[in-house]
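Biologist: I would like to learn how to read the place where two chains meet, and afterwards how to read a sheet. Could you take me through both, step by step?

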2 protein chains.
Amino acid sequence: MSVHMRPEEIEAESFRIIEEELGPHDWSAQDWPLVRRAIHTSADFDYARSMFIAKGAVDSGIAALKAGCGIVTDTTMIISGMSKERLKQFGVLVSCYVADPQVAKDAKAQLITRSIVAMRKGARDPKNGIFVIGNAPTALYELIRLIREERVRPKLIVALPVGFVGAAESKEALKELAKEFPDLPFITNTGRKGGSNVAAAVMNAILIQAQSSPAF
Amino acid sequence: MSVHMRPEEIEAESFRIIEEELGPHDWSAQDWPLVRRAIHTSADFDYARSMFIAKGAVDSGIAALKAGCGIVTDTTMIISGMSKERLKQFGVLVSCYVADPQVAKDAKAQLITRSIVAMRKGARDPKNGIFVIGNAPTALYELIRLIREERVRPKLIVALPVGFVGAAESKEALKELAKEFPDLPFITNTGRKGGSNVAAAVMNAILIQAQSSPAF
């Protein structure tokens, strides 16, 4: 690689290599940029097989971004990983309540994780509608409960918690939930992998599509 | 998983699963916690085979942290991913110059990436001595140049750039450099994988060891 390669050129060449090495696949023109960016950020081709994008999820997410819908994340890493410039263009606010001192206090008092309390706090604010989870299965389980029991209706869910305790199971629980709510706009994967970097990459791919979509 | 499992319990159970599934390995007692945390944050057992920790690197990193040595990163995601509490206990400052407006200006003028200019800026400040790269191969190539040509002498290098253009090659270049500088305190891996999440996880593992080491 030349030191004079521009970032856009490096990205384009990365995408070319990904497509060349992966070969033919069944992803739609709308979904593929999300999967490709997940692979790009992790160098892990597993995402070509493990990602799951519900029908209508990307469109719902794009509409929500255009409407300036707030984003709730379960880590500050996701916030760092999302394109500040693109978020600003949509006037979208991003919140992560996990580090909130009151959240820590409530979690301790109730003997539950801060991620759960933070998710509740995020869902309570009607300005929020996009939920991005890259770390805690407990955050995803709580979001599932909020949808089932408390009539929370997300405009987009990006559910990519990572790890060995509960991550894979929480994603399966989300897919089960979608049987009760057939229009649930969610993006997830199968298995233990995921993470804040991959969740941020998926959101960046949606932000790029939102910018180039006709009505913006 | 129970919603009443505490974060420490979830982590301990994750480590137990990782060790059970991986089985016997050759990592030393000092290096294994770093590798285990890389696996923990990515759910990717590849790191058990691909990580490379130079002899003395962890000790050098611990000594540098204890001396309050500044950390330079190539992404703000790494900063978000490191334990703020632990960094504070050592009085260690972390800087990422990539978003610095002057860095952007200089990069444009010189037709090089912001990561290169940011790395130069970080190396120029004598308070900095720990370099953590989780994204840009160009940042790692520049650090290699600074060591070889400008007598920069890092106390610790965590080199885990990710991607399809230059990432694997830049890590091999670092290993080549280590033949010229046999005491180079570096941690890297083989191949394309890596990322800000894994780089932050490795740093967190070192921070934990630094806290429990006798002289702290």
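Biologist: How much area is buried between chain B and chain A, and what share of it do carbon and sulfur atoms give?

Modeller: Bear in mind that this is a predicted model. The area buried between chain B and chain A is about 3100 Å², and carbon and sulfur atoms give 71% of it. The contact draws 38 residues from chain B and 38 residues from chain A.

Biologist: How many salt bridges are counted between chain B and chain A?

Modeller: A salt bridge here asks for a side-chain nitrogen of Lys or Arg within 4 Å of a carboxyl oxygen of Asp or Glu. Between chain B and chain A the count is four salt bridges, and one of the pairs meeting in this way is Glu21(B) with Arg192(A), at 2.6 Å from N to O.

Biologist: Which helix of chain B gives the most to the side that touches chain A?

Modeller: That is H1(B), with six residues. The residues on this side of chain B divide into 18 nonpolar, 15 polar and five charged.

Biologist: In what order do the strands of the sheet in chain B lie?

Modeller: To read a sheet, one follows its strands from one edge to the other. In chain B six strands form an open sheet with mixed pairing, in the order E1-E6-E5-E4-E2-E3; the edge strands, E1 (51-53) and E3 (94-95), each pair on one side only. Helix H11 (residues 196-212) of chain B packs on this sheet, and its direction makes about 145° with that of E5(B).

Note on methods
Residues numbered from 1 in each chain as written. Chains lettered and ligands numbered in written order. Predicted model: local features only at pLDDT ≥ 70, side-chain atom pairs only at ≥ 80, totals over all residues. Heavy atoms only, no water. Pairing = 2+ DSSP bridges. Helix = DSSP H or I, 4+ residues; strand = E, 2+ residues; numbered from the N terminus. Contact = heavy atoms within 4.5 Å. Axes fitted to C-alpha atoms, helices over the stretch in contact; angles between N-to-C directions. Buried area = accessible area lost by both parts, 1.4 Å probe. Nonpolar A, V, L, I, M, F, W, Y, C, P; charged D, E, K, R; others polar.
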